[in-house]
Amino acid sequence: MPYRHEIRIAWGDCDPAKIVYTARIPAFALDAINGWWEHHLGGGWFQMDLDRDLGTPFVHMGLDFLAPMTPRHRLICEVAPTRLGETSIDWRVGGYQDGVHCFEGRFTCVFVKASAFAKEPPPAEIRALVLGQIETPAG
């Protein structure tokens, strides 16, 4: 079951067409991924950087826009890791409003030693956590 992250869309998130401004959608998805880390580790990217010297900068983002979003309903983002490589992690983020699938995103991050900004494998406890949460395709 993917982690579900709730986002309150505000009037300021919208464009003159009265729907969510396109540039806000990646920000919502990244907030939801950060929420996944907070939920599973007790802290998100800020704490990972400061407390674990671990960063996960993004190297790929892809979004499919399926339906417009407005402030009328909460945005529910379903987040799950889909692949763990030696030094990278892939994510899926699906955005839903009032039961309507609004966007689907695919993201890739690389694990780095934050103080050196040098690529490295994730620590064993992070690897075990992610492997236990990997979303497998329905089939």
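These are my notebook entries on what I looked up in this structure, which is a predicted model.

**Entry 1: strand β6 and its partners**

I began with strand β6, which spans residues 100–110, and found that eight of its 11 residues are buried, leaving the strand mostly covered. I then asked which strands pair with β6, and one answer is β3, residues 58–65, which runs antiparallel to β6 and is joined to β6 by seven bridges. For a position to look at in this pairing I noted Phe58, which stands opposite Cys109 of β6.

Strand β5, residues 88–97, also pairs with β6 in the antiparallel sense, here over 10 bridges. In this pairing I found Gly95 placed opposite Phe103 of β6. Between β5 and β6 there are two residues, so I recorded the two strands as a hairpin, and I marked Asp98 in the turn for its positive phi of about 50°.

**Entry 2: Val59**

Next I looked up Val59, a residue of strand β3. Is Val59 buried or exposed? Its relative accessibility is 55%, and because the cut-off for exposed is over 50%, Val59 counts as exposed. I then checked what Val59 touches beyond its neighbours within four places in sequence, and the contacts are Thr108, Cys109 and Val110. For Val110 I also looked up the spacing, and its C-alpha atom is 6.9 Å from that of Val59, although the two residues are 51 apart along the chain.

**Entry 3: aromatic pairs**

I searched the whole structure for aromatic pairs and the count came to five. One of them is formed by Trp36 and Trp37, edge-to-face, with 5.0 Å from centre to centre and 90° between the planes. Both Trp36 and Trp37 are buried.

Another pair is that of Trp45 and Phe58, again edge-to-face, with centres 5.8 Å apart and planes at 90°. This pair links distant parts of the chain, since Trp45 belongs to helix α2 (residues 45–52) and Phe58 to strand β3, with their positions 13 residues apart in the numbering. I looked up the accessibility of each partner: Trp45 has a relative accessible area of 24% and is partly exposed, and Phe58, at 24% relative accessibility, counts as partly exposed too. I also noted a cluster in which ring pairs link Trp36, Trp37 and Trp91.

**Entry 4: helix α3**

I turned to helix α3, residues 124–131, where I found Ile126, Leu129 and Val130 buried. These residues lie on the same side of α3, because the arc they cover around the axis is only 95°. On the face turned away from that buried side I found the exposed residues Ala124 and Ala128. What do the buried residues of α3 pack against? My list has helices α1 (24–41) and α2, together with strands β2 (54–55), β4 (75–84) and β5.

**Entry 5: the three-stranded sheet**

Last I looked up an open sheet of three strands, which has the order β2-β7-β8 and antiparallel pairing. Strands β2 and β8 (118–119) stand at the edges with a single partner strand each, so one side of each has no neighbour in the sheet. The pairing of β7, residues 112–113, with β8 is antiparallel and rests on two bridges. For one of the residues in this pairing, Val112, I wrote down the bridge partner in β8, which is Lys119.

How values were computed: Residues numbered from 1 in each chain as written. Predicted model: local features only at pLDDT ≥ 70, side-chain atom pairs only at ≥ 80, totals over all residues. Heavy atoms only, no water. Buried < 20%, exposed > 50% of the residue type's maximum accessible area, 1.4 Å probe, protein only. Helix = DSSP H or I, 4+ residues; strand = E, 2+ residues; numbered from the N terminus. Pairing = 2+ DSSP bridges. Contact = heavy atoms within 4.5 Å. Phe/Tyr/Trp six-rings, centres within 6.5 Å; stacked < 30°, edge-to-face > 60°. Arc of directions from axis to C-beta.
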